[in-house]
Amino acid sequence: MKTIKILSLSVLASIALASCSSDDDTPEIVNEEEVITTMTVTLTPDDDSDVITLQTRDLDGDGSDDPVITVSGPLSAGTAYDGVIVLLNETEDPAEDITEEVEEESDEHQFFYTISSGLDVTTEYANFDEDGNPLGTEFTLTAGEVSSGTITFTLRHEPTKPNDGIDDAGGETDILATYSVSVE
Amino acid sequence: MRIYALMVLLLLSIPSLSQSCNNTLSGKVIDLHDGTALEGAMIIVAATEQVITTDSYGRFSIPNLCNQTYAIQISHPYCLTDGYKVKINGATDKTFYLEHHLEELNEVILNGKSQNQKSNTVFENKLSKDKIEQFSNGSLGDALNSLSGVSSLNTGNTVVKPIINGLHSSRVVLINNGVRMEDQEWGVEHAPNLDINTAENITLIKGASAIQYSGDAIAGVIITEPEKIFVKDSLYGKTLVSGSTNGRGSTVTSKLTKSYDNGWFGTVQGTLKRYGDFEAPDYVLSNTGTFERNASLRVGLNRFNYGIEGYYSFYKNEIGILLASHIGGAEDQVRAINSSIPLVINDFTYEIAYPKQDITHNLARLKAFKKFEDFGKVNLQYDFQQNHRLEYDIRVGDDSDTPSLDLVLKTHTLLLDLDSKFSDKTTLKTGIMARYQDNFADPSTGVRRLIPDYEKYDIGIYGITSFQLNDNWLAEAGARFDYTYMDVYKFYRTSFWEERNYDELFPEIVVEEYDNQILTNPQYNFYNVSGTLGTTYTFDNDYKIFFNYSLASRVPNPSELFSEGLHHSASRIELGGLQFTSEIAHKISLTLEKNGDVFGFSAQPFINNINDFIVIEPTEVEQTIRGNFQVWEYRQTNAQLLGIDVDAYYAFTNNFKFKNQFSLVKGYDRSEGGPLISMPPVNTTNEITYENPKVNNLKLALQSEFVFRQNEYPNNNFEVYIAESESYELVDVSTPPDAYHLLNFRSSMDFKVNQKSNLTVGLNVTNILNTSYRNYLNSLRYYADDLGRNFLLNLKFNY
């Protein structure tokens with residue numbers, strides 16, 4: 001009987017202590033570290049026509065707001081462009097440049113450019129991983145005849161490398177953005 | 001010891017020959033402690049070699065005795081065997097008192113707050129030790145899956161959650177060794193965190209009628225119990241080793257028990273499981289290996305009217321998640337679903353890469369009981385559990401080795417129960433429960449919390465009475481009240497908070513506003529009532545009818561209340577609801593059971609009506625920078641589940657036996673119409689067994705398992721634009737896979753190693769025909785086939 005008394009007392013005491021030890025501090029906020037909120041594609045022409053930017057911005061990530069997609073203007077027919085892709089996490093201040101991480105792990109990433117059939121545009125990879133396989137944060141784009149359509153940028157994480165294009169690349173999609181563009 | 005006693009008795013009783021020997025010794029054998037008659041006590045009269053067994057009133061009568069002194073030995077399955085000297089003089093009458101307490105002591109120690117029967121008016125499905133040992137290399141879910149009415153919700157083949165009569169997760173209560181498991185069971189890819197090898201028997205109660213454990217078991221209660229340890233001097237143990245060809249791994253589990261006749265005992269137990277990638281018939285299921293390490297220790301003192309026991313168990317499991325299931329949004333889903341083989345197939349490896357789960361569960365329990373003459377047994381129990389769940393995703397850069405989910409759930413529970421017996425016919429069980437729970441989500445993951453930080457307090461009180469009306473009828477009634485208070489700190493995305501109108505509905509819970517997030521402090525009070533009412537009728541010796549109505553109330557789980565974001569493994573966005581109320585279920589179950597030597601069956605129809613049932617279903621497709629994701633929202637509705645489970649057996653001869661199992665369940669949304677998602681398809685199992693105790697206890701079994709196609713399902717398919725094909729394509733997330741048929745084989749033989757030890761050798765083959773199939777209840781069915789053929793060699797050494 002005595003053991004039971006001691007036992008129950010000690011149990012009650014330990015519960016009381018455990019309950020008291022919980023503090024009332026509010027939890028720390030988590031700003032997603034590796035989320036990509038913004039993709040900016042800057043197309044610099046080799047002639048004196050305008051620099052074109054294509055941007056997708058989704059500040060609440062997988063939250064309810066849709067991404068905001070902007071295209072600064074039409075491509076100029078017969079012009080070749082140097083393309084550079086920059087990925088940012090703008091939930092942090094200052095914004096974190098995710099492109100650096102992608103380029104550091106170049107063998108695990110690859111950008112793909114899908115051009116719709118009506119659009120007379122061609123692309124070529126301009127940067128590669130250590131094995132000589134395309135990475136694609138840099139590329140060249142050549143605008144042909146006057147036409148319109150879409151360009152889709154897809155970033156795959158851990159694709160099969162080398163591959164024959166997006167269809168047999170596999171991997172997980174990290175970025176998927178489609179822009180309506182025209183060549184004038 | 002017993003043999004020596006008998007020999008001494010034999011020597012003492014040299015019969016004298018020259019007397020009239022027509023006297024009768026009659027009388028009763030009675031329990032020393034409570035005066036009840038002992039049925040089935042065996043009385044051996046030395047010298048005459050007469051063996052008499054007592055009847056149901058404890059009476060016996062031994063004829064043809066001479067006028068002399070006889071040595072008599074009385075034994076009973078649950079008593080210490082005792083010897084007596086009786087002097088016969090004419091017709092003699094004598095009452096013997098035996099210490100009938102071995103069994104009872106263990107019942108108290110083992111069940112703590114309940115009697116052996118968990119619920120008197122609901123049919124209980126049980127898994128015995130033999131059956132559990134068959135699954136020593138598997139999981140609790142695999143073992144339960146062999147019962148009628150139980151299916152499993154799988155994530156691959158290593159994360160296996162039981163589904164009871166169509167319901168799972170928070171609606172299933174698991175009582176492990178007297179402790180209610182608190183192991184983040186709300187998650188569909190969170191399997192129970194316990195080692196099946198710690199259980200000696202498993203009881204399943206379909207429904208909420210076992211209210212001494214909880215009031216919220218809308219699906220049912222699973223009770224695992226450790227081995228009974230008898231009050232006697234002994235040292236024994238067992239070791240089980242099994243090796244599998246599929247997964248190319250093995251399981252080793254071992255247990256050693258030491259007990260003393262003064263009541264002290266101790267058991268140590270441990271399990272190690274290591275498997276590499278499992279294989280479907282046509283390919284390797286990459287990254288599906290597991291590494292499980294468990295240990296437990298149990299020490300106690302077992303006396304007639306008091307006892308104390310301490311138990312500690314450690315469980316750690318690392319589980320690889322199929323690499324091909326790691327995909328992005330709907331565009332990736334189309335690719336994965338339309339591909340006939342997994343998108344990633346690598347060579348076999350033992351390495352467990354990302355994505356993976358790494359779970360640790362610690363459980364400590366202290367309990368004590370004391371028997372009081374006047375009012376019954378009092379049981380007191382305190383338990384503490386700590387569940388640490390780490391989920392790793394494939395991440396980039398510095399975060400590569402940081403988990404995406406890091407939850408620590410701590411639970412303290414105090415139970416005080418009283419079992420009283422008013423008379424031979426009426427019993428009363430009452431008790432109170434207090435529980436404190438703390439969930440901590442580590443922010444250093446760099447991923448927004450899936451489950452917020454919260455503290456939860458529960459208080460419960462219950463009473464159940466059972467009344468034996470006569471030999472045939474037994475009635476039972478019980479009620480329970482639970483109060484739950486939750487104090488939660490949750491960050492919402494501002495965009496979601498405003499879109500949901502929460503800024504107007506719940507402005508008072510806002511603590512602080514940040515750039516694009518809002519910290520809130522929701523607090524909940526839930527007052528829940530549950531109950532049970534039932535009766536059992538026994539007739540024609542073999543037949544029994546059970547009828548039960550149970551009322552269960554379940555507090556919404558944290559995932560239903562607070563989900564708000566991407567559920568990566570399901571590649572969908574899941575949204576909870578702050579305003580949810582408790583689910584209330586009314587279940588009526590009926591069972592007709594026949595237990596015969598040659599033929600027997602049980603048929604268990606049921607109907608379960610659930611008000612404010614929480615379901616999750618797709619509402620829209622959300623566009624993100626990563627592509628399109630289907631949005632699934634929780635909502636409350638009225639649901640109805642109905643079905644029947646049938647078990648039957650027929651013995652052709654002593655050696656040949658046929659067994660059949662059949663389960664059917666249908667689930668409907670009664671408010672909006674239409675079937676519920678993830679209802680188990682109709683399935684039936686037929687088995688032929690051959691057993692021959694004379695040939696090394698040879699056992700052979702051939703089993704056929706047929707699972708029909710689920711034809712009733714909600715159509716949640718949607719279309720998504722694919723840039724490469726410049727067209728909209730269907731994302732078929734709904735269509736159930738085809739029916740399938742599997743053949744399995746089991747065999748075992750026993751060999752005696754020496755006086756005290758024996759060896760059982762078993763060979764099992766599952767999926768003999770190497771059939772390729774996909775299971776509707778496996779969330780990875782979109783990406784890969786289920787397991788192919790497996791050869792399993794089992795060695796069990798008892799010592």
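Colleague: In strand 9 of chain A, which residue is the bridge partner of A:Phe111?
Modeller: This is a predicted model. Strand 6 of chain A and strand 9 (residues 147-157) of chain A run antiparallel, joined by 7 bridges. In strand 9, A:Phe111 has as its partner A:Leu155.

Colleague: What is the order of the strands in the open sheet of chain A?
Modeller: The edge strands are strand 6 (109-115) and strand 10 (172-183) of chain A, since each pairs on one side only. The pairing in this sheet of 3 strands is antiparallel. The order is 6-9-10.

Colleague: What does the twist average from one strand to the next in the open sheet of order 6-9-10 in chain A?
Modeller: Take the open sheet of 3 strands in chain A, with the order 6-9-10. From one strand to the next, its twist averages 15 degrees.

Colleague: Which element of chain A gives the most to the side that touches chain B?
Modeller: The contact takes 53 residues from chain A and 53 residues from chain B. On the side of chain A, the elements that give two or more residues are helix 1 (2-20), helix 2 (99-104), strand 9 and strand 10. The one that gives the most, with 8 residues, is helix 1 of chain A.

Colleague: How many charged residues are on the side of chain A that touches chain B?
Modeller: Chain A puts 53 residues into the contact. By class, that side has 17 nonpolar and 20 polar residues. The charged residues number 16.

Colleague: Which strand of chain A do the buried residues of helix 5 of chain B pack against?
Modeller: Helix 5 (residues 330-338) of chain B has several buried residues, among them B:Ala330, B:Glu331 and B:Arg335. Within chain B, the buried residues of this helix pack against strand 33 (599-624), strand 34 (627-651), strand 38 (718-722) and strand 39 (727-731). In chain A, they pack against strand 10.

Colleague: Does strand 1 of chain B run parallel or antiparallel to strand 7 of chain B?
Modeller: Strand 1 (residues 23-31) of chain B is joined to strand 4 (residues 59-65) by 5 bridges, and that pair runs antiparallel. There, B:Lys28 stands opposite B:Arg59. With strand 7 (residues 92-98) of chain B, strand 1 shares 7 bridges. Strand 1 and strand 7 run parallel.

Colleague: Why is B:Asp93 classed as it is, buried or exposed?
Modeller: B:Asp93 lies in strand 7 of chain B, where B:Ser26 stands opposite it. Not counting residues up to four places away in sequence, B:Asp93 touches B:Ser26 and B:Gly27. A residue counts as exposed if 12 or fewer other C-beta atoms lie within 10 Å of its own. B:Asp93 has 10, so it is exposed.

Colleague: How many Å separate the centres of domain 1 and domain 2 of chain B?
Modeller: The domain assignment of chain B gives domain 1 (2-100) and domain 2 (225-798). Taken over C-alpha atoms, their centres are separated by 52 Å.

Colleague: What radius of gyration does chain B have?
Modeller: Chain B has 8 helices and 42 strands. Its C-alpha trace spans about 110 × 55 × 45 Å along its principal axes. With 799 residues, a compact globule would have a radius of gyration near 28 Å. The value for chain B agrees with that: 29 Å.

Colleague: What percentage of the residues of chain B count as buried?
Modeller: Look at contacts in chain B between residues at least 6 apart in sequence: 66% join residues at least 24 apart. Of the 799 residues of chain B, the share that count as buried is 45%.

Definitions and conventions:
Residues are numbered from 1 along each chain as its sequence is written. Chains are lettered from A and ligands numbered from 1 in the order in which they are written. This is a predicted model: local features need pLDDT of at least 70, side-chain atom pairs count only at pLDDT 80 or more; totals for chains, interfaces and linings use all residues. Domain bounds come from an automatic or database domain assignment. Two strands pair if DSSP finds at least two bridges between them. Helices (H or I, at least four residues) and strands (E, at least two) are DSSP runs, numbered from the N terminus. Axes are lines fitted to C-alpha atoms, for helices over the stretch in contact, and angles run from 0 to 180 degrees between N-to-C directions. Two residues are in contact if their C-beta atoms, placed from the backbone, lie within 7 Å. Ala, Val, Leu, Ile, Met, Phe, Trp, Tyr, Cys and Pro count as nonpolar, Asp, Glu, Lys and Arg as charged, and the others, Gly among them, as polar. A residue is buried if 20 or more other C-beta atoms lie within 10 Å of its own, exposed if 12 or fewer, and partly exposed in between; C-beta atoms are placed from the backbone. The radius of gyration is taken over C-alpha atoms; the globule rule is 2.2 Å times the number of residues to the power 0.38.
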